[in-house]
Every structure is written in structure tokens, then in C-alpha cells.
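Thank you for making time this morning. I would like to walk you through one model, and I ask that you keep the sequence and the structure in view while I talk.

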Amino acid sequence: MRRTPNMGVDEQRKRALEVLDNILVRRWLDDKERSADQVAPSVRYALSFARLTKVRNRHHEDIDLTEHLAMHSEWVLDQLTPRIEGSRRVGELASLVPELIRRTITARDEVLRTADIDRDSLEQEVTQRHLVVVSGGGGGAGYVYPGAYEAFERLGQIPDLMVGTSIGALLSMFRCRRKRWDMAPMVSASRSLSWSGVFKVLETESRYGLPATLRMHLRAALGHLFRHPSGRPLWLSDMPIPLLMVTTGIKVGALRHDLHHYEHLMDGTVRQPAGRWALGGGARLFKTVGEFLSRRDSLVQVVLGQDPGTEDFDVLDGAGFSSAIPGLLHYDVLRDDQRMRRMLDRLHDRYGITRLSEGGLTSNLPARVAWEAVQAGKIGRRNGLVVALDCFAANPRRPVWYPLQTLLRLSNTEADRAFADAVVTFPKTLSPVNLVPTMEEALKAIRWGRAAMDPHLAFIERSLQTVPVLKEP
């Protein structure tokens, strides 16, 4: 069993069984023999049943089956790991299937007899995986994501949970406004947005966010799209699709300089009105991010929508803080909003932080956040398929950004990938500094995003198919 740091034995086993299921599905897609179609559904059911932990019953109570199934799960893992990993043909599992079925049915009968769980709830948990979409950070490169969201929609798949960092948080909030994906509001917003309307270089107060050269004004640009029917701003708890946004809390120990330094760090490197960078801007950003990552003990991951007290966080504020790149982009709550100020004051006190900043400092591809949220019961079921969209994957053919991409990969992205069932990278993206693209550029990025999804769609579709209930032989 592959070991993942900071996970208990039960979590390790569950994740290992999920990985086996992923391998099996990919083998099945490649195996054209009829025997594969006869064997794979039974093996998938057995794998799914073996990884049961907590199951929500008809009374909406979470029943922990971990101890009931520990020995059975270990047997399934021990038997199937060498066979699935060592064979290219699904049909070669046929000799084990009768014993696998017998043991699984026996364990199922025992669980139903001894635990306070009904058959329907158990079977729903076993037979259906739920789509969880993770959208990582990467500035303007993230404009490929709406193309990916459109690809899910064409499959008929509505995410059960979305998790975003930085640009991924911002674009996820557009997807989560409605159950069905409607690109029209985002396209409409793109037509009306301008660099000078979103970003401003000006002296201003800093209260909750880390000061930086550019100030983001998301509410002025997008506030009309994210309002509750009552007229108040949308909160995370209002979203029809559950949404989590990753931010980073910065303790005093992580600040090597005074706040004035960060406020003027990128002065002269970002040129208005188009936001083009002067020579040295990328190197300065790399150095600043590296300074924070070198003091990770002073960084605290804050997951808005999941951490206690953040369930009703303002959606636009969440996207703003998640996108606030140290030294480059500043976001803050300076308006007269006592509800949000109280929430932020409590958040700062609870974690002992002085500022909120870019989520990518702790998780630029928050697949682990997504996986753990599912296991904590965020969507009611715990059988998730985590699809991670990574617009900022390390690419040596982009030498300007490769050092920063590599730094983030080594700091957190590589570890996060272990919790994704599929990772989609994007060969073509806009420049990360193209934060307010033209309509033509945005539509081009969307096409690129849609095309990058094509190699992954068969796996996603097959993984999300309902697994037939295992019948008595």
C-alpha cells in the first residue's frame, strides 16, 4: 500500500482502494475483450464496498463501518493490489472473482445485521461515485477552466463539490452559481471588464489582506452577478453547488519585511493600463513567494466554507483573498460590513494570523482539501471522484514561469496530486499575467480547456457510471 504522509491507517487503506479502482477503470477502457465487461463491474463493487468508512443512513446519521470491515478490506487490498497493478487485462481477474463475491456478500450481510445502516443507504454509497472538481491557481492561465466545466456539462455531470485556489476559486464561483452550467454571465462579465476597472494602483488602508502594489476591486466589477434574491451579497452557503475556497493565513513570523515593503514591492514592474510586466517582475515575484514558502510553519491553510465559522463567508471576498498574490495583488474588506469584519476578526484570532493571502502558498492544487472534505461528509456521501484541473503545472518549455511552477510543485502541488483520481493539465493557456483577457482571448482559452479534457472524458464517464449491485450467486 502506498503511504501518504499525515494519514491514518484507515485513510491510507481507503485511498489505496480508490487508486486500485482508478487503475481498474483505465485497464477496462483499454481491454476490448468481452471478459472485461463481465469481470470489471463485480470487482469495482467489491473495491467500493471494501473502502466504506462512514455511511449516512436514512435518518441522516453517519454510521462508522470502519471496524466492521477492517479485516475484510485488508484482504481485498492484499488480493487485488498485485493482480490489478500487475496485469494489463481485466479478464485475468476472473479466477479471483467467485471468492471476491462470496466474501463481499458475507461482509455485507454482517454489516446489515449488526450496524444501524439500511440497505438502500449502503448501496447508494457503494454504487455511485460523486464528481468533485478542483481548480488550481495560475493567474490568467486559469481561463481554460470554463472549457473544462463545459466538458463536464456535455457529459451530463454536475459537480457535487468544487474546490478552488486563486483564479480557480474565482472561476469556480461562476460555475457554482447554478446547478447547470451557464457560461453567459461569465462571457457577459468578460465583455465589460477592463484592467483599470478591476485593478488600481493607489495608497489605501490594509486591514485583513497583505498589502501589495495592485488593489483588486472585485465587488465593483462583479458584485451585481453575485447577489442573493434578497439583495444581499451571496455567501458560500447559498451556492447551489457546494464551494470551498483555499486561502493562506500568514503569521507574523512569515513576514521578513514590514508591510510597506510588500505594498510597494512590484511598483514599476506592472504597467498600466494593460498590466504588462517590466523586466524583473517575474524574478521579484518568485523571490517573494519563495520567502513565504521557506517559512511554512508560519503559514496556515484556511479553507473558506469548510473551516468552522466560514460557512457564510462572502463569495466575492473569498475569491479575492484566495487570489491575493503576495506583493502583487491586495484584497481587503474595508467597506462598512460589520458581519464580515466580525467573521474575519474571529478567523484571525482563532488561527493567530495577521493577514490572509493567496491560497497557493499552502495548496495551489487543493486535491487533498477536496478529498478530506468528502471524507468529512461535506456532500453527504464519501465516494468521491476528485478531478483536479492544473493550469500551472511545471512546464520546462515555459522558462519564464518554470522556476515558480517547480517551487510550487515541490512545496505542495506534488503531494496534493496523490489525492486526485485524475489530473488534467493544459498544454495551451494564456499567460499567467493576462488577468483580464479580451473576449477573443478568453474564448480561445475556453477552446483550449475543452480540448485538454478530451483524453480524460472516457475515464471520468466510466468512473461515474453506477456500479451494479452485487447479487447473490
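Let me begin with strands S5 and S6 (residues 212-216), which run antiparallel and are joined by two bridges; strands here are DSSP runs of E of at least two residues, helices are DSSP runs of H or I of at least four residues, both numbered from the N terminus, and two strands pair if DSSP finds at least two bridges between them. Within this pairing, Lys200 stands opposite Arg215 in S6. The two strands belong to an open sheet of three strands with mixed pairing, in the order S5-S6-S11. Its edge strands are S5 (199-200) and S11 (327-330), each of which pairs on one side only.

A word on the source before I go further: this is a predicted model, in which local features need pLDDT of at least 70 and side-chain atom pairs count only at pLDDT 80 or more, while totals for chains, interfaces and linings use all residues. Residues are numbered from 1 along each chain as its sequence is written, and side-chain values use heavy atoms, with hydrogens and water left out.

Now to strand S3 (residues 130-135), where six of its six residues are buried, buried meaning under 20% relative accessible area, exposed over 50%, and partly exposed in between, with a 1.4 Å probe and protein chains only. Both faces of S3 are covered, with His130, Val132 and Val134 on one side and Leu131, Val133 and Ser135 on the other. Strand S3 runs parallel to strand S13 (residues 384-390), to which six bridges join it, and Val133 stands opposite Val387 there. Strand S3 also pairs in the parallel sense with strand S4 (residues 161-165), over four bridges, and the partner of Val134 in S4 is Val163. From S3 the chain crosses through helix H6 (residues 145-154) to S4, and this β-α-β crossover is right-handed, that is, with the strands pointing away from the viewer, the path from the first strand over the helix to the second runs clockwise.

Which helix is largely enclosed by the rest of the structure? It is H16 (residues 367-375), and the description applies because eight of its nine residues are buried; among them are Arg368, Trp371 and Gln375. Just after H16, Gly377 takes a positive phi of about 95 degrees.

Let me turn to the salt bridges, of which a search of the whole structure finds 32, each being a side-chain nitrogen of Lys or Arg within 4 Å of a carboxyl oxygen of Asp or Glu. Glu99 and Arg103 form one such pair, at 2.8 Å from N to O, and, being four residues apart in helix H4, they are separated by about one helical turn. Both are partly exposed, Glu99 with a relative accessible area of 27% and Arg103 with 32%.

Arg335 and Asp317 meet in another salt bridge, at 2.6 Å from N to O. Arg335 lies in the loop between S11 and helix H14 (338-351) and Asp317 in helix H13 (residues 315-322), so the pair ties together parts that are 18 residues apart in sequence. Is each partner buried or partly exposed? Arg335 is partly exposed at 24%, whereas Asp317 is buried at 0%.

A third example is Arg417 with Asp390, at 3.4 Å from N to O, which links helix H17 to strand S13 across 27 residues. Here Arg417 counts as partly exposed at 31%, and Asp390 as buried at 3%.

Finally, the cavities. A cavity is a set of points, on a 1 Å grid over the protein atoms alone, where a 1.4 Å probe fits but cannot get out, and its lining residues have an atom within 4 Å of a point. Grid points are joined across faces, edges and corners, and a volume is the space filled by probe spheres set on the points. The count comes to six cavities of 30 Å³ or more, and the largest has a volume of about 350 Å³. Its lining has 25 residues, with Tyr143, Ile167, Leu170, Leu435 and Val436 nearest the centre, and helix H7 gives the most to this lining, with four residues. The second largest cavity has a volume of about 280 Å³ and is lined by 21 residues.

Definitions and conventions
On a 1 Å grid over the protein atoms alone, a cavity is a set of points where a 1.4 Å probe fits but cannot get out, and a pocket is an open set with protein on both sides within 12 Å along at least five of seven lines; lining residues have an atom within 4 Å of a point.
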